[in-house]
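Okay, let's get going. I'll put the structure up and then walk you through a few spots in it.

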Amino acid sequence: VVIEDGKSCPATFQIDMNVCNATDNVQLNFPDAIIPPGTQVCVPVTVENFTIFSASFSIEWDELVLQFDSLQNVSSVISPFFGPANLNTLQTSLGLLGVQIFDNITPATITIPNDSVLFEMCFTGIGQLGDCSGLGVTNSPAGVAIEDEMGLNLALSVDTGRICMAL
């Protein structure tokens, strides 16, 4: 890497990118599904390496293909403190849902086992045959921030999904 100041005085150094190891990132997994237009589907959002103190993120989809209906089947690990107040639903008509996870009853580390369901998202397919919507994570309306009990930021990996309209 070469950095220059306003007088073209360079500083050169190397960065070792091999130290980045995504295998221990917190991971959210979204599935693929095929549904007929006009029907409802509930898809599980699963996790890996989910040992956190708090998390916020937003889930995105194509609002012209899917209409958000509800969240259900919340993990028993977070269900005692996770409810409507943890969701920003103001922009679901735009394909955005904000999520915040924090144990405000007894603040402590939250661990959900690998491949477990965090929650299920239910949608109605409003697109036409052949239309598809991706499912993934974005930074709005809730910014992406995942922290451990020491307040250190944890990296997030996302395995995106897709729901397509077909018969």
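**Rings, a sheet and some odd backbone**

So, there are five aromatic pairs in this structure, and keep in mind that we're looking at a predicted model. The pair I'd pick out is phenylalanine 53 with phenylalanine 102: edge-to-face, 5.5 Å from centre to centre, with 70 degrees between the planes. Phenylalanine 53 sits in the loop between strand E6 (50-52) and strand E7 (54-60), while phenylalanine 102 belongs to strand E10 (residues 96-102), so this pair ties together parts 49 residues apart in sequence. As for exposure, phenylalanine 102 comes out as partly exposed, at 32% relative accessibility. There's also an aromatic cluster, made up of Trp61, Phe68 and Phe123.

Okay, on to the sheet. We have an open sheet of five strands here, in the order E8-E12-E5-E3-E15, and the pairing is mixed. Which strands stand at the edges? Those are E8 (66-72) and E15 (156-159); each has a single partner strand, so one side of each is left without a neighbour in the sheet. On average, neighbouring strands in this sheet are turned by 25 degrees against each other, ignoring direction. Over at the E15 end, strand E3 (residues 26-29) runs parallel to E15, and four bridges join the two. Within that pairing, asparagine 29 stands opposite aspartate 159 of E15.

Next, isoleucine 34, which you'll find in strand E4 (residues 32-35). Buried or exposed? Isoleucine 34 is exposed, with a relative accessible area of 63%. If you skip its neighbours within four places in sequence, isoleucine 34 is in contact with Cys164 and Ala166.

Last topic, the backbone. Most residues other than glycine have a negative phi, and most peptide bonds are trans. With that in mind, have a look at asparagine 73, whose phi is positive, near 50 degrees. Asparagine 73 is in the loop between E8 and strand E9 (87-88), and at 46% relative accessibility it's partly exposed. Aspartate 115 has a positive phi too, near 65 degrees. Aspartate 115 is in the loop between strand E11 (110-112) and strand E12 (116-125), and it counts as exposed, with a relative accessible area of 57%.

And then there's a cis peptide bond, from serine 140 to proline 141, with omega near 15 degrees. Where does proline 141 lie? In the loop between strand E13 (132-138) and strand E14 (145-147). That's it from me, thanks.

How values were computed
Residues are numbered from 1 along each chain as its sequence is written. This is a predicted model: local features need pLDDT of at least 70, side-chain atom pairs count only at pLDDT 80 or more; totals for chains, interfaces and linings use all residues. Side-chain values use heavy atoms; hydrogens and water are left out. Two strands pair if DSSP finds at least two bridges between them. Axes are lines fitted to C-alpha atoms, for helices over the stretch in contact, and angles run from 0 to 180 degrees between N-to-C directions. Buried means under 20% relative accessible area, exposed over 50%, partly exposed in between (1.4 Å probe, protein chains only). Contact means heavy atoms within 4.5 Å. Rings of Phe, Tyr and Trp (its six-membered ring) pair if their centres lie within 6.5 Å; planes under 30 degrees apart count as stacked, over 60 as edge-to-face and the rest as tilted.
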